[in-house]
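Q: I have a structure open and would like to go through it piece by piece. Could we begin with the surface?

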Amino acid sequence: AQQPPDSCQTLCDCLEAAKTVKCVDGNLTAVPPDLPPYVRNLFITGNRLARLPAGAFSAQRLPDLSALNLSGNHLRAVEAGALAALPALRQLDLSGNPLVSLSPLAFGEGGSPLEELALRGALRDHGVLLSLAAMLQSGALRNLSRLELADNGLLLLPAGMFTALPALRQLDLSNNSLVGLRNVSFQGLGQLQSLDLSDNSLGVLRNGTLAQFRSLPTLRHIGLGRNAWVCDCAIEDLVAWLKESEQVEGKEALTCAYPDKMLGKALLKINSSDLNCSVPVDLPSQLQTSYVFLGIVLALIGAIFLLVLYLNRKGIKKWMHNIRDACRDHMEGYHYRYEINADPRLTNLSSNSDV
C-alpha cells in the first residue's frame with residue numbers, strides 16, 4: 001500500500017529528494033516498520049535497539065538501500081538472517097556497539113554484495129571476533145573491499161581470518177593491542193592497497209610477514225606508526241626491509257621503544273653495531289652447541305686416558321704386583337701379631353724376652 005506522506009516523519013527525518021532517512025537519538029528499540037522504499041541511505045544511530053532479529057529489514061522490501069549505519073545503538077546481538085534481504089547493500093557500519101553475539105549467517109546463506117564493513121569498537125568480546133572470522137572465512141563477504149576493525153583492543157587475530165577476501169583493498173587494524181602477526185596470513189589479499197597497523201603493540205615484524213608484504217603487488221600504503229618496537233637483534237630484518245621498501249608511510253618517524261639505551265632512536269638509522277649481535281640470540285641452539293662441544297672434549301680425554309693405560313700396561317702391571325706383595329706382607333705381619341696375642345704361652349714368652 002502507498003505510504004502516507006507524513007508516516008515516515010513520526011520517528012525519523014525522511015528526505016525523499018536525497019533518498020535518505022535518519023532515525024537519530026530517538027530511543028528506538030526496533031527498526032521502524034514503515035521505512036519508505038525509496039531509501040538508499042539509512043541512518044539508525046544513537047538508539048537502544050539491543051538486538052537485530054532475523055528479518056529485521058525483510059518486511060520493508062528495501063530494494064535500493066545501499067548504505068546502512070547502525071552505529072552506537074547499544075546492539076548486543078545480530079542474529080542469523082538479520083541483514084539477509086538487502087540486495088543493494090554496499091556499506092554497513094556497526095561501530096560503537098557492545099556486541100556479544102554476531103551470527104556468521106547474519107547476511108543469510110547466499111552471501112552479500114557488501115563492499116564496506118565498519119566495526120570500530122564493536123569486537124571487544126572475543127567470541128564475536130571468532131564469529132566474524134567464521135563469517136569472513138565462509139566467503140559470505142567475498143565482495144568486501146574495505147574492512148575497518150580499529151579500536152577493538154585486539155591482541156591476536158584468528159588464523160586465516162582474511163583468506164576469503166580476494167577483493168579487499170583497505171584493511172584498518174589501527175588502535176588495537178596487537179603484539180604480533182605470526183598467525184596472520186595476507187596471502188589471499190591480492191588487491192590489498194592499504195594496511196593500517198598504527199597504534200598497536202608490535203615489537204617486531206618477522207621475515208615471514210615481511211615476505212608477505214613484498215609479495216602483494218598493489219600494497220603501497222602500510223601504517224606502522226606508534227608501535228612498541230624492540231630494537232634488539234631480532235629487528236635487523238625489519239630495519240633492512242624499511243630501508244629498501246617504499247610501502248611504509250612515514251617510516252622516518254618510526255623509533256625504538258625498548259631497550260632504554262635505544263629509546264627514541266630512528267629505526268632507519270640503526271646499524272648492526274648498535275645492536276651488539278655478536279652473541280647468538282637463539283639461546284637453546286647455543287646451549288645445544290655447548291653440550292655437543294663438551295661431549296667431544298670428554299670423549300677425547302677418555303680416549304687419551306685409555307691410550308696412556310695401554311702404553312704403560314707393563315709398568316702398571318708391575319706396579320699392581322708390588323702393591324699386592326706389600327699388602328700381603330703387611331697382612332701377614334698383622335696375622336703373626338694376632339697369633340701371639342691369642343696364645344698365652346707366646347704372650348708370656350714375649351714378655352720374658354722383653355725383660
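Q: Which residues form a nonpolar patch on the surface?
A: The patch consists of Phe293, Leu294, Val297, Leu298 and Ile301, and together these residues have about 490 Å² of accessible area. Please keep in mind that this is a predicted model.

Q: Where does leucine 294 lie?
A: Leucine 294 belongs to helix α5, which covers residues 283-311.

Q: Why does leucine 294 count as partly exposed?
A: Its relative accessibility is 47%, and the partly exposed class runs between 20% and 50%, so leucine 294 falls into that class.

Q: What does UniProt place at residues 291-311?
A: The UniProt entry, which is unreviewed, gives "transmembrane region" for residues 291-311. In the model, the chain over residues 291-311 is 100% helix and 0% strand. The C-alpha atoms at the two ends of this stretch are 30 Å apart.

Q: Let us step back. How many helices and strands does the protein have?
A: The secondary structure comes to seven helices and 16 strands.

Q: What share of the residues counts as buried?
A: Of the protein's 355 residues, 38% count as buried. The protein exposes about 19,900 Å², and carbon and sulfur atoms supply 56% of that area.

Q: And what about contacts between residues far apart in the sequence?
A: Among contacts with a separation of 6 or more, 63% are between residues 24 or more positions apart.

Q: On to charges. How many salt bridges are there?
A: The count comes to nine salt bridges. One of them joins aspartate 151 to arginine 120, with the closest N and O atoms 2.7 Å apart. This pair links distant parts of the chain, as the two residues are 31 residues apart. Aspartate 151 is in the loop between β10 and β11, whereas arginine 120 is in the loop between β9 (116-118) and α1 (126-137).

Q: Is aspartate 151 buried or exposed?
A: Aspartate 151 is buried, because its relative accessible area is 18% and the buried class lies under 20%. Arginine 120, in contrast, counts as partly exposed at 29% relative accessibility.

Q: Which residues are linked in a network of salt bridges?
A: The network links Arg120, Arg146, Glu148, Asp151 and Asp172.

Q: Let us look at glutamate 148, then. Where is it found?
A: Glutamate 148 is in strand β10, which spans residues 146-148. This residue is buried, with a relative accessible area of 11%.

Q: What does its side chain make polar contacts with?
A: One polar contact, of 2.7 Å, is with the side chain of arginine 120. Another, of 3.3 Å, joins glutamate 148 to the side chain of arginine 146. Glutamate 148 and arginine 146 also meet in a salt bridge, at 3.3 Å from N to O. Arginine 146 is partly exposed, with a relative accessible area of 26%.

Q: Leaving aside neighbours within four places in sequence, which residues is glutamate 148 in contact with?
A: With those neighbours left aside, glutamate 148 is in contact with Leu117, Ala118, Leu119, Arg120 and Asp172.

Q: What does aspartate 274 form a salt bridge with?
A: Aspartate 274 pairs with lysine 265, and the closest N and O atoms are 4.0 Å apart. Aspartate 274 is partly exposed at a relative accessible area of 24%, and lysine 265 counts as partly exposed at 29%.

Q: Now the backbone. Which peptide bond is cis?
A: The bond from tyrosine 258 to proline 259 is cis, with omega near -15°. Proline 259 is in the loop between β16 (256-258) and α4 (272-275).

Q: What is the phi of asparagine 27?
A: Asparagine 27 has a positive phi of about 60°, although it is not a glycine. This residue is in the loop between β2 (20-24) and β3 (41-45). Asparagine 27 is exposed, with a relative accessible area of 56%.

Q: And the phi of alanine 50?
A: Alanine 50, which is not a glycine either, has a positive phi of about 65°. Alanine 50 is in the loop between β3 and β4 (51-52), and it is partly exposed at a relative accessible area of 37%.

Q: One last residue: where is arginine 182?
A: Arginine 182 is in the loop between β11 (170-172) and β12 (194-196), and it is exposed, with a relative accessible area of 70%. Arginine 182 and leucine 205 are 23 residues apart in sequence, and their C-alpha atoms are 8.3 Å apart in space.

Definitions and conventions. Residues numbered from 1 in each chain as written. Predicted model: local features only at pLDDT ≥ 70, side-chain atom pairs only at ≥ 80, totals over all residues. Heavy atoms only, no water. Helix = DSSP H or I, 4+ residues; strand = E, 2+ residues; numbered from the N terminus. Buried < 20%, exposed > 50% of the residue type's maximum accessible area, 1.4 Å probe, protein only. Polar contact = N/O pair within 3.5 Å; in protein donor to acceptor, adjacent residues only side chain to side chain. Contact = heavy atoms within 4.5 Å. UniProt positions renumbered as here; feature names shortened; annotations may be inferred. Patch = residues over 30% accessible without salt bridge, like charges linked within 9 Å, V, L, I, M, F, W, Y side chains within 5 Å. Areas by Shrake-Rupley, 256 points an atom, 1.4 Å probe, with all protein chains shown as cover. Salt bridge = Lys/Arg side-chain N within 4 Å of Asp/Glu carboxyl O.
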